[in-house]
Amino acid sequence: MLSRLTRPKAVAVCALPVVALLATAVFAPLPFSLAQPGLTANVLGENKGDQVITITGAPTRKTRGQLRMTTIEATGPDATVSLGDVLGAWFATDRAVMPRDAVYPSGGSLEEIERHNTDEMRKSQDTATEAALGYLHEKGDVEVTLKLANVGGPSAGLLFSLGIVDKLDGDGSGGDLTGGRVVAGTGTIDADGTVGPVGGVALKTQAARRDGATVFLVPKAECSDAKAELPKGLRLVPVTSLRGAVDSLVALEKGKGSVPSC
C-alpha cells in the first residue's frame, strides 16, 4: 500500500538532495586563488636593509621621489579555497578571485613553484638592466646589481629599468624622473624596452595608493582593468615601452608635453 505525501512534504523531500549538493559545493575545494593588494618597494632606495639598485662603472645621481614596484598577495598553491571563500571575495573591492593556474604554474610542487618565480625574477632583472642600458646607450663596463627580497615573477621589470635610468641619467637634464613624486607601476619588460601586461593591476593600484603613490604606470593593454577599482588621487599613465614611460614622466615633471591617460 502506498501512502500519498502532502505537497509541502514532497517539496521538502525533493529539496533535501539539492541542499546536500549545495552544502557540499560550499565546502569543496575549488581551483582558484584569492588575491589582495601586496607589498610595494621603492626601487630607488633600500628593501629589507639592502640597496635595491647598485651601479658600478659609471657615476650615479642622488635621486628624489620614489619609484615603487607593486605586488599582489595570493593564497598558496596548496591552499583550500571553497565556494564560500570565492563568493566572499567576489563582492569585495580589495580582493579578487583568480584561476590558480594564472597565479602559479600548474603541476609543480611548492618548491618548484618558488624556484620558477625566483628564476622569473632573475630573468626580469637581467632583461630590465639590458633594456635600461640600451636605452641610455651605456657601454658594457657599467654593472648593475638588483636585489629585492621575497618577491618573485617578472612584473617589476619596468620599474627596475626606470630606476636604473633615474640613477644614471634622471630626466636627461639634471632633474629626477619622478619630479619628487611617489610613482608606482607594474609591467614586464623585454630587452628592446617593450612593456608587457602582468595581471592583478586593480589590486596593485590599491597597494600603490595605500603607500603614497599619486601616479601609476600601467601596461596600456590593462587600462580597463586598472580603472575598475581605481583609488581616488591616483593618476593612471598607460605605457607600451620604456621610452614612452620615460617621456611621460619627464612631461609630468616639467609640466610640458602630453601625458597619455587610460
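Biologist: How many salt bridges does the structure hold?
Modeller: This is a predicted model, so side-chain pairs are taken only at pLDDT 80 or more. A pair counts when a side-chain nitrogen of Lys or Arg lies within 4 Å of a carboxyl oxygen of Asp or Glu. The number of salt bridges in the structure is six.

Biologist: Which residue meets arginine 61 in a salt bridge?
Modeller: The N to O distance of this pair is 3.2 Å. The pair links distant parts of the chain, 115 residues apart. Arginine 61 sits in the loop between strand E4 and strand E5, and its partner sits in the loop between H5 and strand E8. That partner is aspartate 176.

Biologist: Is arginine 61 buried or exposed?
Modeller: Buried means under 20% relative accessible area. Arginine 61 has 19% relative accessibility, so it falls under that cut-off. Its partner aspartate 176 has a relative accessible area of 5% and is buried. Arginine 61 counts as buried.

Biologist: Which aspartate forms a salt bridge with arginine 64?
Modeller: The closest N and O atoms of the pair are 3.2 Å apart. Arginine 64 lies in the loop between E4 and E5 and its partner in the loop between H5 and E8, so the bridge ties together parts 112 residues apart in sequence. Arginine 64 is partly exposed, at 49% relative accessible area. Its partner is aspartate 176.

Biologist: Where do arginine 122 and aspartate 126 lie?
Modeller: These two form a salt bridge, with the closest N and O atoms 3.9 Å apart. Arginine 122 is partly exposed at 43%, and aspartate 126 is partly exposed at 47%. They are four residues apart, about one turn of the helix. Both lie in helix H4.

Biologist: Which residues do salt bridges that share partners join into one network?
Modeller: Aspartate 176 is a shared partner: it bridges to arginine 61 and to arginine 64. The network also takes in a residue of helix H5, Asp166. Its members are Arg61, Arg64, Asp166 and Asp176.

Biologist: How many of the residues of H5 are buried?
Modeller: Helix H5 covers residues 157-168 and reaches 17 Å from its first C-alpha to its last, close to the 16 Å expected. Among its buried residues are Phe160, Asp166 and Lys167. The helix is largely enclosed by the rest of the structure, because its buried count is twelve of the twelve.

Biologist: Which residue just after H5 takes a positive phi?
Modeller: H5 ends at residue 168. The phi value in question is about 60°. The residue is glycine 170.

Biologist: Which residue is the bridge partner of proline 37 in E5?
Modeller: Proline 37 belongs to strand E1, which spans residues 32-42. E1 is mostly covered, with eight of its eleven residues buried. E1 and E5 pair in the antiparallel sense over six bridges. The partner of proline 37 is isoleucine 72.

Biologist: Which cysteine forms a disulfide with cysteine 223?
Modeller: A search of the whole structure finds one disulfide. Its sulfur atoms are 1.9 Å apart. The pair links distant parts of the chain, 39 residues apart: cysteine 223 is in helix H7, and its partner is in the segment after helix H8. The partner is cysteine 262.

Biologist: Is cysteine 223 buried or exposed?
Modeller: The cut-off for buried is under 20%. Cysteine 262 has 29% and is partly exposed. Cysteine 223 has a relative accessible area of 11%, so it is buried.

Biologist: What is the handedness of the link of cysteine 223 and cysteine 262?
Modeller: The angle about the S-S bond gives the answer. Its value is -65°. The link is left-handed.

Biologist: Where is lysine 48 found?
Modeller: Most residues other than glycine have a negative phi. Lysine 48 has a positive phi, near 55°. It is exposed, with a relative accessible area of 57%. Lysine 48 is found in the loop between strand E2 and strand E3.

Biologist: What is the phi of histidine 137?
Modeller: Histidine 137 lies in the loop between H4 and strand E7. At 68% relative accessibility, histidine 137 counts as exposed. Its phi is positive although it is not a glycine, at about 60°.

Methods. Residues numbered from 1 in each chain as written. Predicted model: local features only at pLDDT ≥ 70, side-chain atom pairs only at ≥ 80, totals over all residues. Heavy atoms only, no water. Disulfide = S-S within 2.5 Å. Helix = DSSP H or I, 4+ residues; strand = E, 2+ residues; numbered from the N terminus. Buried < 20%, exposed > 50% of the residue type's maximum accessible area, 1.4 Å probe, protein only. Expected span 1.5 Å × (residues − 1). Pairing = 2+ DSSP bridges.
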